[in-house]
Amino acid sequence: MIRTASRGLLIQDDHILAVKYQEDGKVFYALPGGGQEAGEPLHKNLPRECREELGIDVKIGELMFVREWLDEDIDVHQIEFIFECFPYKKIEDVYSEVPDKNQIGIEWLPIADIFNYHIYPLEMRQHLHTLTDGQVKVPVYLGNVN
């Protein structure tokens, strides 16, 4: 079965907002968001997930990336739609109302140092520099990547 999910790309002061996880002794990051519920459009799914994971309300912008995640070892086939998101006001504080399993925090990651962070999808990291340098031509489909 294919699962669909939405994720939010929130950029503020040259940093992106990421959820921090620890699993099997390894730390990694992911963009906020999660799986769609039956009958829930992506533009309803993502604001709900941002309220649950970050405690903030967001406006949904353009579709930035599509990531396909296939992992036969854990029987996962997920398609993630990554949207640019904008908070209704400057984000001062974030907290999780409903933290995800293995979630250990929320952090602002500096885009200038993004390659020092294990943030999924990994392929997205190189394109963040292109976007923040004012260039707009980046691939939307990231492929079957981590």
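The protein chain holds 2 helices and 10 strands, and the model you are looking at is a predicted one. If you walk along the sequence, the elements come in the order β-β-β-β-β-α-β-β-β-β-α-β. Five strands therefore precede the helix α1 when the pattern is read from its start, with elements counted from the N terminus.

How much of the chain is buried? Of its 146 residues, 41% count as buried. The accessible surface of the protein chain comes to about 8300 Å², and carbon and sulfur atoms make up 48% of that surface. Contacts tell us how the chain meets itself: among those with a separation of 6 or more, 65% are between residues 24 or more positions apart.

Now let us turn to the interior. The largest nonpolar core has 15 residues. Which of them touch the most other members? They are Leu10, Leu17, Leu54, Ile56, Val58, Ile91 and Val94. Four elements give two or more residues each to this core: the strands β3 (15-23), β4 (26-30) and β7 (76-87), together with the helix α1 (42-54). Val94 is a good residue to find on screen. Leaving aside residues up to four places away in sequence, Val94 touches Leu17, Leu54, Ile56 and Ile106. Apart from this core lies another one, made of 14 residues. Ile16, Ala18, Ile82 and Ile114 are among its members.

The backbone has a few details worth a visit as well. Start with the loop between β9 (119-120) and α2 (124-132), where you will find proline 121. The peptide bond that joins tyrosine 120 to proline 121 is cis, with an omega of about -5°.

Two other places show a positive phi in a residue that is not glycine. One is aspartate 14, whose phi is near 60°. Aspartate 14 sits in the loop between β2 (11-12) and β3. Is this residue buried or exposed? Aspartate 14 has a relative accessible area of 56%, and because exposed means over 50%, it counts as exposed.

The other place is asparagine 102, with a phi of about 70°. Look for asparagine 102 in the loop between β7 and β8 (103-110). Its relative accessibility is 29%. That value lies between the cut-offs of 20% and 50%, so asparagine 102 is classed as partly exposed.

Note on methods:
Residues are numbered from 1 along each chain as its sequence is written. This is a predicted model: local features need pLDDT of at least 70, side-chain atom pairs count only at pLDDT 80 or more; totals for chains, interfaces and linings use all residues. Side-chain values use heavy atoms; hydrogens and water are left out. Buried means under 20% relative accessible area, exposed over 50%, partly exposed in between (1.4 Å probe, protein chains only). Contact means heavy atoms within 4.5 Å. Accessible areas come from the Shrake-Rupley method with a 1.4 Å probe; for residues, only the protein chains shown count as cover. A nonpolar core is a set of buried Ala, Val, Leu, Ile, Met, Phe, Trp, Tyr and Cys residues joined through side-chain atoms within 4.5 Å.
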